[in-house]
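Take a look at the model below. This report describes how the protein surrounds its ligand.

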Amino acid sequence: MKTHSIALIPGDGIGTAVTKAAWSVLETVAKQEGFALAGTTFPWSCQTYKDTGAMMPAEGIETLRGFDAILLGAVGWPAEVPDSVSLHGLLLPIRKAFVQYANMRPHRLLPGVEGPLKARDFDILCIRENTEGEYSGAGGRVHQGTDGEVAVETSIFTRMGVERILRFGFEQARKRRGKLASVTKSNAQKYSMVFWDEVTHALASEYPDVQVTSYHIDAMAARMVMAPESLDVIVASNLFGDILTDLGAAIQGGLGFAASANINPDRTAPSMFEPVHGSAPDIAHLGIANPMATIWSGALMLEHLGETSAAGRIMEALATTTAKGIGTRPGQDKTDAITAAVLSSLD
Ligand code: GGG
C-alpha cells in the first residue's frame, strides 16, 4: 500500500483543533481510497519558544526535509511571544528553506455559504510569491529608543524570484480559464514593481494563449469586491498577496474557509499546507474554530501528492456539509460537529 509521510505542526491556539479535525478527515479518506498516511506530530509553537528560546529546534528544517508534505495549523500567541518572532521563527523559515515559492490560495464560495457580496459565481486562484519581496527580512534598526531611531526594511525582488512566480501564474492560468492578473503598485514603487511589470510583459509573449492584465493593488482590491467573477488567476508579491487573500477569504465567507498551499513546484523539498487564518487566541478555548480551511488545505495536500480522487472526495464532502447549512456561519457550530458532518459526508 502506498504510504505518504506527513509532518504535522498544529502550532498555537486553534491550530491544534483544526489540525486534529483535518487529520481525522484525511485518515478516513485515505483508508477509503486504499492508501496510507503516516503522520508525525511536532509540537513546535510559542510554548516551544517559551521553553527553549526558539520556535523549533536547530535541526528542525532538516527533520522536516525527510517528509513528503507538511500540514500546519496556525502560529502565534502574541500575549506571550511577539508575532514577528513566532512568524520569523517557524512559518517563514520553512517556506524559504524548502523553496515553497508559490503560495496558492483558492477563493470560491462553497454551497450554502453566504458571502458578503451579491456576486456568487466567482472562482479565483490567488498566487502569492512566498520567499522574497517584502518578507525578505532584510533590514535593521539603529539608535533604538532615541529620537534619532531609524528603522529600515528592504524589499528584495530578484529576477529569478519574480520570473519563476510569474511563470507559475501563467501555467496555472493555462490550466484554468486562461486569464492572469498581475498585481503591483508600479506607479508608486518605481524600481521593484516596475521591474515586476516588465518581467510580466516579457513573459506574456511566451504564453500567447493567456490573457494577461496588470493591475495596481488598490484597483485589484476594488475589483475583488465589485467584479470578482471577472478574475481567474491573480499573481502578486508576498505582502500584496497576503493582504489580497484576506480579502479573498472575506468574500468567500470568512477565514474559516480560506485554504492555502505553499508549493515547491520543483519538488526538491516538501510542500506545506495550512489554513490562511492564524491562531485566533480570542476563540482558542471555545471549541468553535471552523476546521474547513484546514480540511480544504488537506485536500490540496492530497492533490499535490497525486491522490486526486481522495482530494476530490474531500471537496465534495465539504460542499455536502455546507449545503446542509453546517459550519456556514462563524461560531454557529462546534469544531467537532462540523468535523463529524464532513466525516459522515465521506461515507
Ligand atoms: N495558518 C498559518 C498561520 O498561522 N498564519 C498566520 C500568519 O500571520 N501568517 C502570515 C503569513 O502567512 O504571511
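## Polar contacts

A polar backbone atom of His277 lies 2.7 Å from a nitrogen atom of the ligand. The protein covers 86% of the 360 Å² of accessible area that the ligand has on its own. Keep in mind that this model is predicted.

Two other residues also offer polar atoms. Val75 uses its backbone: a polar atom there is 2.7 Å from an oxygen atom of the ligand. Glu274 uses its side chain, with a polar atom 3.1 Å from a nitrogen atom of the ligand.

## The shell

How many residues surround the ligand? There are 16. The closest are Val75, Arg128, Glu274, Pro275 and His277.

What kinds of residues make up this shell? It holds 8 nonpolar residues, 3 polar ones and 5 charged ones.

## Where the shell comes from

Three elements each give the shell at least two residues. They are strand S3 (69-74), helix H4 (83-97) and strand S12 (271-275).

Both domain 1 (1-102 + 258-347) and domain 2 (116-251) take part. Each supplies at least three residues of the shell.

## The pocket

Which pocket does the ligand take up? The ligand fills space in the second largest pocket.

Methods: Residues numbered from 1 in each chain as written. Predicted model: local features only at pLDDT ≥ 70, side-chain atom pairs only at ≥ 80, totals over all residues. Heavy atoms only, no water. Near = heavy atom within 4 Å. Polar contact = N/O pair within 3.5 Å; in protein donor to acceptor, adjacent residues only side chain to side chain. Areas by Shrake-Rupley, 256 points an atom, 1.4 Å probe, with all protein chains shown as cover. 1 Å grid on protein atoms, 1.4 Å probe; cavity = no way out; pocket = protein on both sides within 12 Å on 5 of 7 lines; lining within 4 Å. Sits in = over half its atoms within 2 Å of the grid points. Helix = DSSP H or I, 4+ residues; strand = E, 2+ residues; numbered from the N terminus. Nonpolar A, V, L, I, M, F, W, Y, C, P; charged D, E, K, R; others polar. Domains from an automatic or database assignment.
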